Amino acid sequence: MDNTLLNQKIEQLERQVAELELYSATYKNIYDSLTEAVYILDKSFSFIEINKGAERMYGYTREEFLGKTPADVAAPGKNDIDHIIKDLQAVFEDGKRRNFDFWALRKNGELFFKEVIANRGVFNGKTVIITTARDVTERKEWEQEITKFKSISDKAIQGNAIADLDGNLVYINDYFANIHGYKPQELIGKNLSVFHSEKQLHNVVEINDRLKKEGSYSNEEVWHITRDGKEFPMLMNGVVISNNDDTPMYIASTAIDIANVKELKQEREMMFALTVDMICTAGFDGYLRDLNPAWQKTIGWTNEELRDKPFIDFVHPDDREATLNKAEKILHGEAAISFTNRYLSKSGDYKWLAWNTIPIPDKKIMMGIARDITEQKRAEDSLKESENKFRSLYDNAPLSYQSLNEDGCFIDVNPTWLSTLGYNREEVIGRCYADFLHPEWVPHFQKNFPAFKKRGYVNDVQFKLRHKKGYFIDVSFEGCIGYNPDGSFKQTYCVFKDITHQKEAEQALVESEAKFKGVFENANIGMVLSDKNTKIIEANNEFLAMLEYSREEMLEMDITMYTFPDDLKKEQELLEKFRKGQIDSYRLEKRCISKSKKIIWIDLAVTAKRTADGDIDHFLGMVMDMTGYKKAQSDLIKAKEKAEEADRLKSAFLANMSHEIRTPMNGILGFAELLDQNNLTESQKQEYLGIIKKSGKRMLNTVNDIIDISKIDAGQVKIENSLFNVGEDIELLFRFFKPEAEKKGLEISLQRNMVAASGLLECDKTKLNSIFTNLIKNAIKFTDKGAININYKITDSIFEFSVTDTGIGIPENRKEAIFNRFEQADIHDIKAREGSGLGLAIAKSYAELMGASLTFKSKAEEGTSFILNMPLKNSNGKTKLNEQVRKTPNTKSSKDLKLLIAEDDDISYLHLSILLREIAADIMRAKDGFEVVEIVKNTPGIDCVLLDVKMPLQDGYEACRQIRKFNTNIPIIAQTAYALEGEDKKALEAGCTDYLSKPINKIALFEKLNKLKIN
């Protein structure tokens, strides 16, 4: 049983082996019968198996081929072997197929071109590369032929196209594509049917069938259609292109647009007449092969007659050697050749032809395009004939002619050239042009001569040439390049003119213009040029600055655009007189309007430049800015009037000041004498002392007013803001002036709102109180009966203070002058009023310095109301409640003080010492600055120093600075008779603790001491 099964298994295996061998043999037959070559390579890229197709392709036997590598069978120098090996290596690594081209070498040495496809596979259990290859040499050669053809076809003025046998385009030139509305790259691969409408396709199919059958067609009218659907006729020629085995490969077509020709016959004749280029191919054997119809038209021979004999037989005997030399160069691989020769026509004469030829070595042919240049040659001969005539003119021309070779050396000059520069011919010919140039022009020539040769011409180049005697002349140079018939450089043709005298004249003119330009531009008066219609043509900087316009803006204007309208008529009348020839110049003062709309007064002087015919060419205006003069003139008149007014007021003021000083002085001196009497009662003494005090205060007020107005005039008033309760100050002033008003029988009242009563105001307290004081004093002074009302309030971020009285009022004719200085002195009424007349002027100035306004309302005999309005300046824009907390000072008890008075004036010392006796146990005195420093340094326990700032030897400021070097705690109160702005600040900066102004007021002095916790 077991043997039976085994035998069955063996029989089954034998049948499988037989089937496998049959399959392998079948595969082998298929493998070997493939037309493509199949190779198998191992990992070292050696061939380990090939098919019969590979043996046929290379000519090697299988045994000869195995073991070789791709490099061994490659055409030398034709492939990038390293790149191919990298591609094969990549196939091993990623298993992806690779395609590449390969130039190979057969066993017999013949080159061929193949396409290769490489894949990864398994052979005999190993990973290998299996490649298939196809010989595409013939296709490659045709591609090269097409490339060469394209080099000529792309520049043709007719349509050229190549398609495969199915009509699919493989090449089309620009002309053919563009005339249909396409670009060449859009049409490659497209079928020729894209050029024809459906109704024309049957006609096109017939033509193509005839073409494939007969091999060519010519002069067929075929209707084409553009990209946008427009139909037009073209004259077509076609030919079948075959390979060396006469197997048809491609269809080549040429086309000419004949859409604009009315009749087909006329169009054909015209196209033949215009086809001047003769296209042909010739074999390396010297025989013409393909010729276009232009050949027969040009030289008369039929194509068959031209092919029957070597082309050299048609060449003129004198041109044969040169033609053969050119052909030899083509045979040896020279890329392109251009030359001319003469061809025998059928009529027996010779035609001059200009050739452009290229070789096609693989086909062993030459392709050429020739053009009939017979007429051109005749023209050249005619030109040569005229050269003799030209030479005669050249030699006798009044201008200097010269010719240079390609290196810039002389090959010819005419006699005028030689005589102009003083040389003989032998000294010039062959020398470089740069040898005769001014040294500064040599680099210019070296740089620009190549550019001249490239450009082909130069015009009016001016430079300097050296005369034989060593000096230089200026010349104007023009020239062009002459070319050989083949288009190469031949020589220069140049001419120059001696312009030395012209340049000297031009230089003189330039210098003259420069001087005028310099005067024009730099003049310190305005200068302006205008045409005869007054359009501005130039203006200098002074004039532009005067009217604030740029030069570009001014050149777009005429005089009417900046002249003040009221002054224009007068100037236009003067210009009209100019035009009529009645005047040659004029001068006037007028107003101009600047760009910023300012009025500019000018003094204008105008002259005209006339042409030879007497017509006006342009106007020249000389302009002086009179604005400052006019303003000064106006200011002078105003100043005169003001000075006269001031002199009148000053006279009145001086008279009043004399009264205001002498009157209180009389009271002081008079009642002081009365106090010397022994029989006075105590009440009389007190009465006299009161009069003396009142008179002193009146005189002090007068002096203070004069000092304040002087400080305002000198600009020495500075605003020093502080935060204070304005209500408290106004309440204090109200209480102060109330007894004085009631003494005159006047009713005085105070009104305020709640905010104002408790509000803090940030401003200059001293100057604000001065305004309050002046307004209240004036109200009392000029009110004899009735009432005075003081009102202050804070509303809408405004502080308002007003004083209203029922006094004499202000007449209408004095209202404008009420704030002027000394005006009070000039008011004549039935009752003279004491005072300097400066109070309102001071109040007005202080208000403006603080950003406030001071106004008034008044009616004569009814009363006046003065109103001060000031914007609030506290940090939040709102009033603040006064939250001051009063603290009881820790004072030293009376009669325990030790005081030092630094005062050189005996009366002032005596006054102070009397005031201080009631609070000081010990009063010392120093009479100069050095003494006060020594006393402070050597005397312990001094409670305070009252320091006069003006002392001999060393002033109080310096004495204070010296004291502070060794004692920083002792209180020092500065006292001064100076009443100028900033004295308090100066004292504090020197180190003083506080400051008092003379005359010393007892209450003020004791307040200062209390503030320093001394009493």
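**A colleague's note on strands, turns and a buried isoleucine**

1. A good place to begin is the pair L529 and L620: L529 stands opposite L620, which belongs to β25. This is a predicted model, so please read each point below as a description of that prediction. The wider pairing around these two leucines joins β21 to strand β25 (residues 616-625) through six bridges, and the two strands run antiparallel.

2. How many of the six residues of β21 are buried? Five of them are, which leaves strand β21 (residues 526-531) mostly covered.

3. β21 has another partner to look at. With strand β22 (residues 536-539), β21 pairs in the antiparallel sense, over three bridges. One contact point to find on screen is S530, whose bridge partner in β22 is I536. Together β21 and β22 make a hairpin with four residues between them. In that turn, T534 has a positive phi of about 70°.

4. T534 brings up a backbone theme that is worth following. Most residues other than glycine have a negative phi, and most peptide bonds are trans. Two further residues with a positive phi deserve a look. F45, which is not glycine, has a phi near 65°, and F45 sits in the loop between β1 (37-41) and β2 (47-50). For D460, also a residue other than glycine, phi is near 45°; the place of D460 is within strand β18 (residues 457-466).

5. Are F45 and D460 buried or exposed? F45 counts as buried because its relative accessibility is 10%, and the cut-off for buried is under 20%. D460 has a relative accessible area of 44%, so D460 is partly exposed.

6. Where is the cis peptide bond that joins K998 and P999? P999 lies in the loop between β37 (994-997) and α30 (1002-1011). Omega for the K998 to P999 bond is about 0°.

7. Next, a sheet that you may enjoy tracing by eye. Five strands form an open sheet, in the order β7-β6-β10-β9-β8, with antiparallel pairing. At the edges are β7 (169-172) and β8 (216-225), each of which pairs on one side only. From one strand to the next, the twist averages 25°.

8. The β8 edge can be followed in detail. Eight bridges join β8 to strand β9 (residues 231-242), and the two run antiparallel. Within this pairing, I225 has E231 in β9 as its bridge partner. Helix α8 (residues 198-214) lies across β8, β9 and β10 (248-257), and α8 runs at about 160° to β8.

9. Last comes I780, found in helix α24 (residues 765-781). Why does I780 count as buried? I780 counts as buried because its relative accessibility is 1%. Which residues does I780 contact, leaving aside its neighbours within four places in sequence? Beyond those neighbours, I780 is in contact with F737, E740, A741, K744, L746 and I788. One of these partners, A741, is 39 residues from I780 along the chain, and the C-alpha atoms of A741 and I780 are separated by 6.1 Å.

Notes
Residues numbered from 1 in each chain as written. Predicted model: local features only at pLDDT ≥ 70, side-chain atom pairs only at ≥ 80, totals over all residues. Heavy atoms only, no water. Buried < 20%, exposed > 50% of the residue type's maximum accessible area, 1.4 Å probe, protein only. Contact = heavy atoms within 4.5 Å. Pairing = 2+ DSSP bridges. Axes fitted to C-alpha atoms, helices over the stretch in contact; angles between N-to-C directions.
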